[in-house]
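Visitor: I am new to reading protein models. Could you walk me through the terms people use for them, and show me how each one is justified?

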Amino acid sequence: MIHIIIFPERFYYLACFVLNQTKSFMTIQERKKTITLNEYIIQNQTAFPRAKGDFSRLLSHIGIAGKLVNREVNKAGLVDILGDAGDTNVQGEDQKKLDIYADEQFIAALKASGVCCGLATEENQEHVVFDDNLSRDGKYIVCMDPLDGSSNIDVNVSIGTIFSIYLRKSAVGQKAQEYDFLQRGDEQVAAGYIIYGSSTMLVYTTGQGVNGFTLDPSIGEFCLSHNNIKTPDDGRIYSINEGNYVRFNTGVKQYIKFCQERDEKTNRPYTSRYIGSLVADIHRNLLKGGIFLYPETETHPNGKLRLLYECNPIAFIVEQAGGKATSGNKRILEIEPKSLHQRVPLYTGSKQMVNKVEEFLVNEKQVVAKV
Ligand code: P6P
């Protein structure tokens with residue numbers, strides 16, 4: 001005999017309530033394991049004795065703009081935000097609609113933070129001054145590439161935002177001055193990047209190590225996913241645009257051949273990986289080990305990458321993760337900036353690999369000096 005028991009309706013809701021409470025309890029338990037970016041910043045705010053929460057506000061606003069850019073990047077192709085904006089930036093490079101959108105979002109977010117008095121970005125010839133009553137007293141300035149790798153946007157390759165944060169040198173209450181932005185990389189108080197890839201991650205350092213936060217779309221928060229990132233001391237990945245081979249100096253050519261030689265003791269030949277999107281190439285090498293090279297060439301005698309908003313932030317992050325970053329003859333973070341859009345050669349990644357390429361570059365100079 002099958003007895004079918006009809007539960008009164010109220011029992012059904014009671015069961016649903018209990019189930020939901022159990023789920024929410026588990027969610028809370030799971031929640032306890034999840035640390036959001038804002039929670040992490042506040043927990044580590046004590047690292048900034050002078051901070052009255054200003055730095056937390058600044059980084060939090062960068063995260064907000066990153067989420068807005070991420071939203072547009074993720075639907076690019078579905079809405080009219082792909083393609084060229086029909087203009088060129090200060091570098092003479094075609095501006096993409098997403099470049100301009102990203103630049104506008106980060107300018108708006110940093111101004112809204114009320115703690116940043118100015119911004120230097122790839123998209124603007126001069127530095128942007130925030131001259132409203134609140135921002136004029138802001139004690140931070142930011143150097144930023146709002147959307148790097150934009151030539152990859154239309155073909156769905158990972159792109160990124162790169163930022164550098166400094167304390168201003170000019171007096172609070174004044175307008176931000178250009179010399180506020182021409183600070184050496186070793187004066188950065190923080191640096192980071194956002195990679196818009198298979199997932200969207202914000203990776204940053206304040207000089208206390210490197211941490212990565214992955215955007216959880218279900219709650220719209222960056223959540224700690226890569227605690228205390230350390231890059232391997234050595235690696236097997238070399239990243240360089242070998243299409244420029246004929247334009248490289250002899251030292252770089254010899255290093256490329258070194259990477260391609262067969263030598264089992266030193267795990268060679270290495271693997272060549274080059275995406276052509278700085279943040280994507282750096283992020284992969286940071287996690288797996290490897291070296292990224294953008295040397296000077298005939299067409300780019302000082303390299304292609306910009307010191308203030310590409311090389312300095314990347315160098316700070318890589319060094320904090322245990323790696324190395326050089327221009328070939330100087331530590332990136334010790335280069336005295338001369339102009340906002342100054343370019344420098346960049347060799348960065350696993351310490352032993354950067355040491356090896358420096359050997360080839362030094363030999364090159366010694367040979368040239370003898371000529
Ligand atoms: P190339 C993108 O345009 C970028 O600025 C970096 O993201 C990237 O590492 C580099 O240029 C790629 O340059 O000359 O190899 O295409």
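Visitor: Why is Arg-184 called partly exposed?

Guide: This is a predicted model, and the values are computed from it. Arg-184 has a relative accessible area of 23%. Buried means under 20%, and exposed means over 50%. The value of 23% lies in between, so Arg-184 is partly exposed.

Visitor: What makes Arg-184 and Asp-186 a salt bridge?

Guide: Their closest N and O atoms are 2.4 Å apart. The cut-off is 4 Å, between a side-chain nitrogen of Lys or Arg and a carboxyl oxygen of Asp or Glu. The pair of Arg-184 and Asp-186 meets that, so the name fits. Asp-186 is partly exposed, at 34%.

Visitor: How do you know that Arg-184 and Glu-336 form a salt bridge?

Guide: Here the N to O distance is 3.7 Å. That is within 4 Å, so the pair of Arg-184 and Glu-336 counts.

Visitor: Which parts does the pair of Arg-184 and Glu-336 tie together?

Guide: Arg-184 lies in the loop between strand E6 (159–167) and strand E7 (190–196). Glu-336 lies in the loop between strand E14 (324–326) and strand E15 (346–349). The pair therefore ties together parts that are 152 residues apart in sequence. Glu-336 is partly exposed too, at 43% relative accessibility.

Visitor: What makes Glu-319 and Arg-331 a salt bridge?

Guide: Their side chains meet at 2.8 Å, N to O. That is within 4 Å, so the pair of Glu-319 and Arg-331 qualifies. Glu-319 sits in helix H8 (residues 307–320), and Arg-331 in the loop between E14 and E15. The parts they tie together are twelve residues apart in sequence. Glu-319 has 23% relative accessibility, and Arg-331 has 32%. Each value falls between 20% and 50%, so Glu-319 and Arg-331 are partly exposed.

Visitor: Why are Glu-261, Asp-263, Lys-265 and Arg-268 called one network?

Guide: Salt bridges that share partners join these residues. A search of the whole structure finds 18 salt bridges.

Visitor: Now the ligand. Which residues are closest to the ligand?

Guide: The closest are Asp-148, Asn-241, Tyr-274, Leu-278 and Tyr-294. In total, 13 residues surround the ligand. The shell divides into five nonpolar, four polar and four charged residues.

Visitor: What makes the pairing of Tyr-274 with the ligand a polar contact?

Guide: An N or O atom in the Tyr-274 side chain is 2.5 Å from an oxygen atom of the ligand. The limit for a polar contact is within 3.5 Å, so the pair counts. Leu-278 makes a contact through a backbone N or O atom, 2.8 Å from a ligand oxygen. An N or O atom in the side chain of Lys-304 is 3.0 Å from an oxygen atom of the ligand. Taken alone, the ligand exposes 400 Å², and the protein buries 82% of that.

Visitor: On to the strands. Why are E4 and E10 said to stand at the edges?

Guide: Eight strands form an open sheet in the order E4-E3-E5-E6-E7-E8-E9-E10, with mixed pairing. Strand E4 (128–129) and strand E10 (221–226) each have a single partner strand, so one side of each is left without a neighbour in the sheet.

Visitor: How do you know that E7 and E8 pair?

Guide: Pairing needs at least two bridges. E7 and strand E8 (residues 200–205) share six, in the antiparallel sense, so they pair. Ile-195 stands opposite Met-201, and Tyr-196 opposite Thr-200. A hairpin of three residues joins E7 to E8.

Visitor: What about the other neighbour of E8, strand E9?

Guide: E8 and strand E9 (residues 210–216) pair over five bridges, also antiparallel. Thr-205 stands opposite Val-210. Four residues lie between these strands in their hairpin, where Gly-207 takes a positive phi near 95°.

Visitor: Why is E8 called mostly covered?

Guide: Six of its six residues are buried. Thr-200, Leu-202 and Tyr-204 are on one side, and Met-201, Val-203 and Thr-205 are on the other.

Notes
Residues numbered from 1 in each chain as written. Predicted model: local features only at pLDDT ≥ 70, side-chain atom pairs only at ≥ 80, totals over all residues. Heavy atoms only, no water. Buried < 20%, exposed > 50% of the residue type's maximum accessible area, 1.4 Å probe, protein only. Helix = DSSP H or I, 4+ residues; strand = E, 2+ residues; numbered from the N terminus. Near = heavy atom within 4 Å. Polar contact = N/O pair within 3.5 Å; in protein donor to acceptor, adjacent residues only side chain to side chain. Areas by Shrake-Rupley, 256 points an atom, 1.4 Å probe, with all protein chains shown as cover. Nonpolar A, V, L, I, M, F, W, Y, C, P; charged D, E, K, R; others polar.
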